[in-house]
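This report walks through selected helices, strands and single residues. Keep the structure open while you read.

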Amino acid sequence: MDSARITRYISDLWDAEIVPQLVQYIRIPNKSPMFDRDWAAHGYMDAAVQLMETWARSKLSQLTGATLEVVRLEGRTPLIYIEVPGQGDDTVVLYGHLDKQPEMTGWSEGLGPWTPVQKGDKLYGRGGADDGYAIFGSLAALLALREQGVPHARCVILIEACEESGSYDLPYYVDHLAPRIGNPSLVVCLDSGCGNYDQLWLTTSLRGMTGGELTVQVLEEGVHSGDASGVVPSSFRILRELLSRLEDPETGRIKPNELYADIPQQRIEQAKSAAGVLGKAIYQKFPFVEGMQPVTEDLTELVLNRTWRPQLAVTGVDGLPPLESAGNVLRPKTSVKLSLRVPPTLDGAKAGEFVKQLLEQDPPYGAKVSFKLEKDGSGWNAPPLSPWLEQAVAEASRQYFGAPAAYMGEGGSIPFMGMLGAKFPQAQFLITGVLGPHSNAHGPNEFLHIPTGKKVSMVVAEVIARHFQPHSR
């Protein structure tokens with residue numbers, strides 16, 4: 001295989017077609033079902049599917065025998081299923097998603113979630129890096145191999161539309177398509193992060209996630225605060241007390257031991273190595289206000305905190321009026337949305353039930369307390385790399401990035417990985433992505449670093465080609 005030719009082909013395809021397609025995709029506000037309950041009626045998800053389907057179909061003639069189907073199970077988000085024939089008996093699965101997080105406030109002037117803007121190497125807008133580029137990058141890799149006549153195994157591309165809501169539709173599709181998917185020996189996922197843009201980063205683990213809406217109600221309606229304060233307990237204070245059952249308010253440490261898991265020694269060593277590579281960039285990539293510090297100066301501990309330890313974020317609030325209309329009223333209730341990241345090897349469903357019981361039991365003052373579980377995805381811990389994959393990754397990183405590969409867990413969740421890991425325990429996993437420093441997935445000013453997108457596509461092509469070699473014997 002001519003690596004220089006792979007580089008030229010993929011780079012040219014990104015410039016000529018993929019970036020313009022992503023510009024159109026960013027304009028579509030196809031928020032995940034959790035954030036748009038009327039997604040089907042609004043039609044944005046279908047518009048995103050159609051955009052990707054149209055481009056992908058235009059390339060199928062270059063992938064002899066390839067087929068594409070938009071699979072639609074009743075009442076569920078659609079899924080794009082592409083099958084590319086190959087040689088031998090093995091199967092490679094390439095995964096991505098096309099649904100998006102909601103808008104979020106705080107975008108810089110001239111930028112916005114549905115406003116694609118390219119500044120130099122960065123394409124701003126929601127979803128380009130998380131994870132709209134996946135279908136384009138996957139097909140670019142296969143097209144580059146076919147352009148040279150390089151043999152590869154049969155490839156299946158799965159692009160779901162429910163990942164940002166916890167992938168609750170995906171198990172139904174995997175079961176529905178199981179006879180067609182087969183038994184993959186390699187799974188490629190392009191929905192992860194990278195510690196920097198200088199080298200290839202392989203994700204070794206993903207945290208699970210649970211969470212939902214916690215509501216504390218003390219009154220049927222709001223009353224004069226001068227009349228009620230000191231008599232009626234504040235719903236906000238009770239909520240704060242309940243959260244303290246879960247999280248230490250001074251340190252942020254999650255209190256219950258039931259929400260922890262043992263960290264494998266190899267992951268600790270990899271965290272030390274990643275901390276050595278990244279240095280203070282581990283926390284300096286975040287837009288801290290002046291004078292703000294991370295929770296600790298121990299860089300290895302920061303890596304482990306965000307990859308193997310449970311952590312809580314309050315991501316939304318209801319029941320609090322805007323400041324300009326906040327009268328002197330003791331409010332009847334307060335609700336918050338909780339997002340609890342849990343260790344990769346912890347059962348997400350059991351963690352969710354534990355948190356629900358912890359928060360609802362023995363409510364202070366007899367208040368009405370409810371915790372509505374919304375997500376309970378388990379995490380994933382990668383199996384050991386086969387020698388062929390470890391060597392392929394090392395050489396591909398040096399070839400296309402000019403630097404050695406690096407390994408680190410990610411703090412986010414990709415439910416599909418845990419699902420596939422359980423279904424196909426013998427499979428090898430190449431989990432990587434373009435979400436590097438300041439790319440700010442889910443937040444304002446999200447961007448795709450275009451050169452990294454190109455290089456990741458090149459690495460995928462290289463690994464798929466090398467995958468065929470040891471499996472063809």
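Glutamine 270 is part of helix α8, residues 265-278. The model is a predicted one. The relative accessible area of glutamine 270 is 15%, so this residue counts as buried. Leaving aside residues up to four places away in sequence, glutamine 270 touches Thr204 and Tyr407.

**The sheet of β15, β8 and β16**

Three strands form an open sheet in the order β15-β8-β16, and the pairing is mixed. Strands β15 (380-381) and β16 (406-410) are at the edges; each has a single partner strand, so one side of each lacks a neighbour in the sheet. Strand β8 covers residues 201-206 and runs parallel to β16, with four bridges between them. Within this pair, tryptophan 201 sits opposite alanine 406 of β16. Helix α10, residues 299-307, lies across β8 and β16. The angle between α10 and β16 is about 50°.

**Asparagine 196, in the loop before β8**

Asparagine 196 sits in the loop that links β7 (186-193) to β8. Is asparagine 196 buried or exposed? Its relative accessible area is 11%, and the cut-off for buried is under 20%, so asparagine 196 is buried. Its side chain has two polar partners to look at. One is the backbone nitrogen of aspartate 198, reached at 3.1 Å. The other is the side chain of tryptophan 201, at 2.8 Å. Beyond four places in sequence, asparagine 196 touches Trp201, Val277, Leu278 and Pro437.

**Strand β3**

Strand β3 spans residues 91-97. Seven of its seven residues are buried, so the rest of the structure largely encloses this strand. In a regular strand, side chains alternate between the two faces of the sheet. On one side of β3, the buried residues are Thr91, Val93, Tyr95 and His97. On the other side they are Val92, Leu94 and Gly96. Both faces are therefore covered, and β3 is largely enclosed.

β3 has parallel pairings with β6 and β7. Seven bridges join β3 to β6, residues 154-160. In that pairing, glycine 96 stands opposite isoleucine 159. Four bridges join β3 to β7. There, tyrosine 95 stands opposite cysteine 189.

**Two helices, each with a buried side**

Helices α11 and α12 can be read side by side.

| Helix | Residues | Length | End-to-end C-alpha distance | Expected span |
|---|---|---|---|---|
| α11 | 348-360 | 13 residues | 18 Å | 18 Å |
| α12 | 387-400 | 14 residues | 20 Å | 20 Å |

Take α11. Its buried residues are Gly348, Ala351, Gly352, Val355, Leu358 and Leu359. They span an arc of only 130° around the axis, so they lie on the same side of α11. Exposed Lys350 and Gln357 are on the other side of α11. The buried residues of α11 are covered by elements including β9 (208-217), α7 (235-246), β13 (333-342) and β14 (368-377).

The ends of α11 also have features to check. At the N-terminal end, aspartate 347 acts as a cap. One of its side-chain oxygens lies 2.9 Å from the backbone nitrogen of alanine 349. After α11 comes aspartate 362, with a positive phi near 45°.

Now α12. Here the buried residues are Trp388, Leu389, Ala392, Val393, Ala396, Ser397 and Tyr400. Their arc around the axis is only 155°, which puts them on the same side of α12. The face turned away from that buried side carries Pro387 and Arg398, both exposed. Glycine 402 follows α12, and its phi is positive, near 75°.

**Leucine 389, on the buried side of α12**

Leucine 389 belongs to helix α12. Its relative accessibility is 0%, so leucine 389 counts as buried. What does leucine 389 touch, not counting residues up to four places away in sequence? The list is Leu186, Gln428, Phe429 and Val463. Isoleucine 464 is 75 residues from leucine 389 along the chain, yet their C-alpha atoms are separated by 9.7 Å.

Key. Residues are numbered from 1 along each chain as its sequence is written. This is a predicted model: local features need pLDDT of at least 70, side-chain atom pairs count only at pLDDT 80 or more; totals for chains, interfaces and linings use all residues. Side-chain values use heavy atoms; hydrogens and water are left out. Helices (H or I, at least four residues) and strands (E, at least two) are DSSP runs, numbered from the N terminus. The expected span of a helix is 1.5 Å times one less than its number of residues. Buried means under 20% relative accessible area, exposed over 50%, partly exposed in between (1.4 Å probe, protein chains only). The arc is that of the directions from the helix axis to the C-beta atoms. Contact means heavy atoms within 4.5 Å. A polar contact is a pair of N or O atoms within 3.5 Å; within protein, one must be able to donate a hydrogen and the other to accept it, and residues adjacent in sequence count only if both atoms are side-chain atoms. Two strands pair if DSSP finds at least two bridges between them. Axes are lines fitted to C-alpha atoms, for helices over the stretch in contact, and angles run from 0 to 180 degrees between N-to-C directions.
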